[in-house]
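Colleague: I would like to take a slow, close look at a single part of this model, and I would be glad if you could lead me through it step by step.

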Amino acid sequence: MKVLPLTCDLGVGSCNHTLFQAHIRSLVSGKCLLSLSADAADPWEGAKAKKAGNKKKKISKAERLRQLQEEEERRLKEEEEARLRREREEQERLEIQRIEKEKWRRLEEKDLQRRTEELEELSLLEECFPEAERLKREMRLLSRWKHYIQCDGSPDPSVSQELNTFISLWKEETNENFEQVIEKSKLVLSLIEKLKLILSETPLYELEEKSVKQYQGSILQLQELLQLKFNVATEILLRNASTLADLDSGNMERIIRGENITLYIWANLKKNPRYRTVRFSETKVGFEIPRILAASGIALRLLHTHYDHVTPLRPLPTPPAAGDGDQEPNAAPAAEPVREELKNVEESSSQEDQQEAKEPESESNLVNEEEIRVEEQGEPVPEVHVVSVKEEPEAPKREPKIELLSRKISAVQLMLIKNAPDKPELFEDKEVDLLQFTTLGGVYNLEILQLPPQCRPVKGWMIVELLKEGLQRFTYPPETEDDNETEVSFPPIEVTIEVHKNVVFFEDPEVARWDAEGKYWTTDGISNISYKRKERLVTFSLDTFGPVTLIQDTHINMPYQSWELRPLESNTVLLTVTTVFTEVQIKIKENLCMLASIKLKDRKHLSVLEGKWMTPIPFINALKEAGVNIFPSEYSHFYVVMNNKVPVVEMKAYRQIALLSPAFAFGWSRWNMLCNSTKVVFKVKEYLREAAAESPKWDLLLFSGERAQRLKVDEDSESFSEALKDNTEFHSTVFHMVKDFASKEAMEVVRDPPCLLVDAVCHMLFSTRVLSYS
């Protein structure tokens, strides 16, 4: 090490200055001299050397090529590994797919092997539908027999002679007051309802075109007779208006209430032009009349019929006759395919009948020939041989009849869910589309009548002038050429009516009036409509008087949000349909239905339907008339966004669900919207008392009409898949599908189904169409 003399340079940095101070202190203290290495003697030289050492050495070209080659080899190796991994995964996928296909093929073969057996077993179960039809036919005949043996004087509406006699006799009675007419109207309305039920409950294949025309004509005659009697009774009442006048106002005011009719009538006896507000006592029903009516001898009548006697009857689809050209032009176009099916069924039935008619003849000939041949040989006729010839064909005789009847029933059921291909066109802008809207709460017959001559007492007698023309209407507004004068002198009349207590409006009702010339309901001539929901009062202005009704959107409760069908105790099934506005629960027992519960905002229930058991068709009509319409028609798909399913698939699903309903619960699935129109998806679980207590989980079933399978997905899955549930198979029917996981007790209940209950459940499913409108 080289020892350098310590020098002091004031220009050095702080480091050298510090070393210098330390060296001075060591010299003063008598210590040895500081020895520094050559590198440490010059700090700047050491820093430069350190910096040079930190720099990387320059890579040669050969080294660079070697590194690039290594990187390329590593990249190729990674690509090769990725390729092998993809090939391995693809092979695994193909193997899994092959295994799944092989498994699916085996399942298909297994299903194909047992398909015939399963369909035969299902057909045996479905014999409950023709059996239920037979029982209902017996009930209809029994009802007619009970009416016959009662001898209560009421006519049988299906017998035209009895009905014509009743109409003629009542027309001859001309001095009945309004109370008597209201009492007699109960019988007339019951006859009308019986005729409508005959048309709706009788199977289509049993109705003759002649009978349909007869029943519809009888309904129109009874309705016209009832209106005639109301007019005659009103005239009798107005003749005595002066004797019934109110002491305060001097005018007559009466309210007559009946079970199906309410009459509000006011007679202007004083003709006071300042008395322009007519309000019936204890109600808010009334009129605001113009000055010209307040000064005229008129009467205002508001006849509220709780039924609709104005809307024309809808034509019924009739079974095909011998020639298709004889069909009515008003028949529903949706019925054409079904009519063809019914025609084919009828032809098959006639062929079977002819064959059966020929068989006894041929058998008798065979027996006679056999007897003659034996007698010629001189041998006695063996009885066993004769009996065997006669009994052999009797075994299969009933089967074709049941099959034909089942085909007829299926054709009629298919009609219930068949969508009409075209929508009828309206001819007027203001015409109410009765396919989209429904009249509710009956008809309010608003009329301005001319006050007839009043009765006056003369020497103990009541003298009255009778007019040949009878009750006359007051024309308002009168027919004038100047429309401006009419608008000023004859302004619209403000009317306030009360909504029927048993009718539900989920939205504010609209008002429509009857156009007598065009024969349709229209909204023209009605303005200033207001609705007080709490008081249930509708106020509007009317240009001309006549029949008025309230209308509501027919499909306001469609589509449904969900549905559920589950069994209860003692062969009772509960159907629950949830909509945006309400939840309807319907109990079904035997061939009867009852409104079990309905959740409404303004009331708890519909009192007229509470606890009242009815057959399915009257029950459906009652719910519709109450404003709770959950029954789509063949034209509903034009007005509602629906999940349109193939009718045959939907029909088979409803029939098999109904067969299983005594022991299994079914429900709505959100995946039903995502599968195509050829398949339906719904939930199912066993629901006997013991099973219900354990709360089994729902299974999802997919049904295509030909095949049923349990799905791997559930209601909480992120996406839909038709993958088969693990360790399950598919079957040809829903019945055999649930059989795989059902208990023996449940299947015993299903194998012996109550025919009328199954038929009623099936009819309600066809009427609500929960698989297409949920």
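Over the ring of which residue does the charged end of Arg-707 sit? After that, please describe the surroundings of strand S16 (residues 572–578) in detail.

Modeller: Please keep in mind that this is a predicted model. The charged end of Arg-707 sits over the ring of Phe-730, at 4.2 Å from the centre of that ring, and Arg-670 likewise lies over the face of Trp-671, 3.9 Å from the ring centre.

Turning to strand S16, seven of its seven residues are buried, so the strand is largely enclosed by the rest of the structure. In a regular strand the side chains alternate between the two faces of the sheet. In S16, Thr-572, Leu-574, Thr-576 and Thr-578 point one way, while Val-573, Leu-575 and Val-577 point the other way, and all of these residues are buried.

On the side of strand S15 (residues 562–568), seven bridges join S15 to S16, and the two strands run antiparallel; within this pairing, Arg-566 has Leu-574 of S16 as its bridge partner. S15 and S16 form a hairpin with three residues between them, and in its turn Ser-570 has a positive phi of about 50°.

S16 is also joined by seven bridges to strand S17 (residues 583–589), and this pair runs antiparallel. Here Thr-578 stands opposite Glu-583 in S17, and a hairpin leads from S16 to S17 through four residues.

Notes: Residues numbered from 1 in each chain as written. Predicted model: local features only at pLDDT ≥ 70, side-chain atom pairs only at ≥ 80, totals over all residues. Heavy atoms only, no water. Buried < 20%, exposed > 50% of the residue type's maximum accessible area, 1.4 Å probe, protein only. Pairing = 2+ DSSP bridges. Lys NZ or Arg CZ within 6 Å of the ring centre and 35° of its normal.
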